[in-house]
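Okay, thanks for squeezing me in, everybody. I've got one structure to walk you through today, so let me put it up on the screen.

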Amino acid sequence: MSDPVLSIRALRKEYGTGVQALKSVDLDIQRGEIFALLGPNGAGKTTLINIVCGIVTATSGEVLIDGKNWQTDYRYARERIGLVPQELTTEAFEPVQRTVTFSRGLFGKPRDDAKIEDLLKRLSLWDKRKTIMMQLSGGMKRRVMIAKALSHEPSVLFLDEPTAGVDVELRRDMWDLVRKLRDGGTTVILTTHYIEEAEEMADRVGVISHGELIAVDEKKKLMAQLGKKTLDIMLADQLAVIPPELSDLNVRLENDGHVLCYEFDSNAERTGIASLMARLGALGIQYKDLSTHQSSLEDIFVELVHRPRAQP
Ligand SMILES: Nc1ncnc2c1ncn2[C@@H]1O[C@H](COP(=O)(O)OP(=O)(O)OP(=O)(O)O)[C@@H](O)[C@H]1O
């Protein structure tokens, strides 16, 4: 974890309207990782991406791309970044290969047909190279947007909501594609509303809320540290209410009183399970089966975003 491809330092953005979209964000992105930026609507994700990509001007702070400042070494920095924006804008009558070749030219890179061919093949677009954009399906258009963003061989690819409005099957296709890109050496930063997407793909996750990065960690660690476990006890006989003897415990009834659920912290020294089971025994409550499950990234996200924040 010692070679950040992107370093964001004390980045702030206050729009002319007075909205503080980013409040001093610090973030390092490691080379070759898939980083998912999660946050509710209006949290500041697009602002962050747009500042790094040079589309929006920061109020203060610094961004280093491959060690160089994104303002003083603008060309260098910009060349190392590819962006697939949220909204797909395509030239309706342009054939795929030409539009991707043109994008490469925009970055001042010499024409290289072999590179474009390789890129289109990797994105399964080679068969469609002569098709005009308006005749492509939504999923294919998205692939072309990725091809355009990669045409100048950037080291970091930003995907802003890559699967918004895409059906489940295409979403899985996109995930496979992003993994392939990462395996090929591209660092991928994506924003998403689909927490399942981050859970499925990301190496690390950042949670942004009200312009602040409130958590950044490896996905597995985040889930292990913040996640709670639930013990589901399938009861032999339905319970109408929780007996008063259990009311001090974090238990609830589900499935019409057929399942008693006990939430516990799996990292705690005492999970309380032994004492719960002893109390059930004393009350004569019998059960048929037991199972545990870990809270999902979604549960963690909701908890983080809704947790009361410390006042500055
Ligand atoms: N050009 C602008 N002028 C004024 N305020 C803006 C501008 N762009 C964004 N904002 C505000 O800045 C805040 C952050 O917006 P941003 O688009 O970065 O959030 P987001 O996390 O990308 O949201 P979404 O998930 O809805 O795309 C919001 O309060 C938004 O209304």
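Let's begin at the ligand. The shell around the ligand splits into 4 nonpolar residues, 7 polar ones and 1 charged one. Bear in mind that this is a predicted model.

So who is in that shell? Reading along the chain, you meet Y15, T17, V19 and A21, then G39, N41, G42, A43 and G44, and finally K45, T46 and T47. Which element gives the most to the shell? That's helix 1, residues 45-52, with 3 residues.

Okay, over to a sheet further along the sequence. There's an open sheet of 4 strands, with antiparallel pairing, and the order is 12-13-11-14. At the edges you have strand 12, at 251-254, and strand 14, at 287-294, and each of those pairs on one side only. From one strand to the next, the twist averages 25°.

Now look inside that sheet, at strand 11, residues 229-235, and strand 13, residues 259-264. These two run antiparallel, and 6 bridges join them. If you want a spot to click on, try K229, which stands opposite F264 in strand 13.

Last bit, zooming out. We have 10 helices and 14 strands in the chain, and the C-alpha trace spans about 80 × 50 × 35 Å along its principal axes. How much of the chain is buried? Of the 312 residues, 30% are. As for contacts with a separation of 6 or more, 69% come from residues 24 or more positions apart.

That's me done, happy to rotate it for anyone.

Note on methods: Residues numbered from 1 in each chain as written. Predicted model: local features only at pLDDT ≥ 70, side-chain atom pairs only at ≥ 80, totals over all residues. Near = placed C-beta within 6 Å. Nonpolar A, V, L, I, M, F, W, Y, C, P; charged D, E, K, R; others polar. Pairing = 2+ DSSP bridges. Axes fitted to C-alpha atoms, helices over the stretch in contact; angles between N-to-C directions. Buried ≥ 20, exposed ≤ 12 C-beta atoms within 10 Å, placed from the backbone. Contact = placed C-beta atoms within 7 Å.
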